[in-house]
Amino acid sequence: MPKTTLTDGSPVTSDHRELKPNGQQKGYVVLSDDERAKGFVRPVRNAYKHLVCGVVTTMGDSLAETYARDPFFYSGTFCVGCGKHFPVGENGEFVWSGTDEKVGT
Ligand SMILES: [Zn+2]
């Protein structure tokens, strides 16, 4: 298994999936700095659009680089418009901003 951390590089906690009042998780798991340094198989993209509501959500570099290193790492992601998580992937609800390319493919 590749090494993972939370977005700020701290160890993964057992309660990271607990939701904050804004609907986001307390923490998000990313591939570690060392894993991400091994190279990307997709461009690093920081913004995606939820096809259901049309709102674009942006994310930090460690999350964006994790998608670029392993496009299939996540099963879902957060929409700031809806305030909830929804699936990614071929049948998911998100595209990279400015493209028709599904997030998680
Ligand atoms: Zn939405």
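# Notebook: a predicted model, from overall fold to aromatic core

**Entry 1, the whole chain.** I began by listing the elements, and I found two helices and seven strands in the protein. I noted early that this is a predicted model. Following the sequence from its start, I wrote down the pattern β-β-α-β-β-α-β-β-β. I then looked up the extent of the C-alpha trace, which spans about 35 × 35 × 20 Å along the principal axes of the protein. For a chain of 105 residues, a compact globule would have a radius of gyration near 13 Å, and the protein has 13 Å, so the two agree. I also looked up burial, and 37% of the 105 residues count as buried. Among contacts with a separation of 6 or more, 52% come from residues 24 or more positions apart.

**Entry 2, the open sheet.** I turned next to an open sheet of three strands, whose order is β4-β3-β7 and whose pairing is antiparallel. Which strands stand at the edges? They are β4 (56–58) and β7, and each has a single partner strand, so one side of each is left without a neighbour in the sheet. From one strand to the next I read an average twist of 35°.

I went through the two pairings in turn. Strands β3 and β4 run antiparallel and are joined by three bridges, and within this pairing K49 stands opposite V56 in β4. The same two strands, β3 and β4, form a hairpin with five residues between them, and in the turn I found G54 with a positive phi of about 85°. On the other side of the sheet order, β3 pairs with β7 in the antiparallel sense, again over three bridges. Here Y48 has W96 as its bridge partner in β7.

**Entry 3, the two faces of β3.** I wanted to know which residues of β3 lie on its covered face and which on its uncovered one. The covered face holds Y48 and H50, while A47 and K49 make up the uncovered face. I set beside this a general point, that in a regular strand the side chains alternate between the two faces of the sheet.

**Entry 4, helix α2 and the core.** The largest nonpolar core has 15 residues, and those with the most contacts inside it are Y48, M59, L63, Y67, F94, W96 and V103. The elements that give two or more residues to this core are α2 (61–69), β5 (76–79) and β7 (94–96). Of these, α2 gives the most, with three residues.

I therefore looked at α2 by itself, recalling that an α-helix has 3.6 residues a turn, so residues three or four places apart point the same way. Its buried residues are S62, L63, A64, T66, Y67 and A68. The elements that cover the buried residues of α2 include β2 (29–31), α1 (33–36), β5 and β7.

**Entry 5, the aromatic rings.** I counted five aromatic pairs. In one of them, the rings of Y48 and F94 have their centres 5.2 Å apart and their planes at 85°, so this pair is edge-to-face. The pair links distant parts of the chain, since Y48 is in strand β3 (residues 47–50) and F94 is in strand β7, 46 residues apart. Are Y48 and F94 buried or exposed? Both are buried.

I then compared the rings of Y48 and W96, whose centres are 6.3 Å apart and whose planes stand at 70°, so this pair too is edge-to-face. Again distant parts of the chain are linked, with Y48 in strand β3 and W96 in strand β7, 48 residues apart. Y48 has 3% relative accessibility and therefore counts as buried, and W96, also at 3%, counts as buried as well. Finally, I noted that Y48, Y67, F73, Y74, F94 and W96 form one aromatic cluster.

**Entry 6, the surroundings of W96.** What is W96 in contact with, leaving aside its neighbours within four places in sequence? I listed R45, A47, Y48, M59, Y67, E101, K102 and V103. Of the residues in that list, Y48, M59, Y67 and V103 are also among those with the most contacts inside the largest nonpolar core, as is W96.

How values were computed:
Residues are numbered from 1 along each chain as its sequence is written. This is a predicted model: local features need pLDDT of at least 70, side-chain atom pairs count only at pLDDT 80 or more; totals for chains, interfaces and linings use all residues. Side-chain values use heavy atoms; hydrogens and water are left out. A nonpolar core is a set of buried Ala, Val, Leu, Ile, Met, Phe, Trp, Tyr and Cys residues joined through side-chain atoms within 4.5 Å. Buried means under 20% relative accessible area, exposed over 50%, partly exposed in between (1.4 Å probe, protein chains only). Contact means heavy atoms within 4.5 Å. Rings of Phe, Tyr and Trp (its six-membered ring) pair if their centres lie within 6.5 Å; planes under 30 degrees apart count as stacked, over 60 as edge-to-face and the rest as tilted. Two strands pair if DSSP finds at least two bridges between them. Axes are lines fitted to C-alpha atoms, for helices over the stretch in contact, and angles run from 0 to 180 degrees between N-to-C directions. The radius of gyration is taken over C-alpha atoms; the globule rule is 2.2 Å times the number of residues to the power 0.38.
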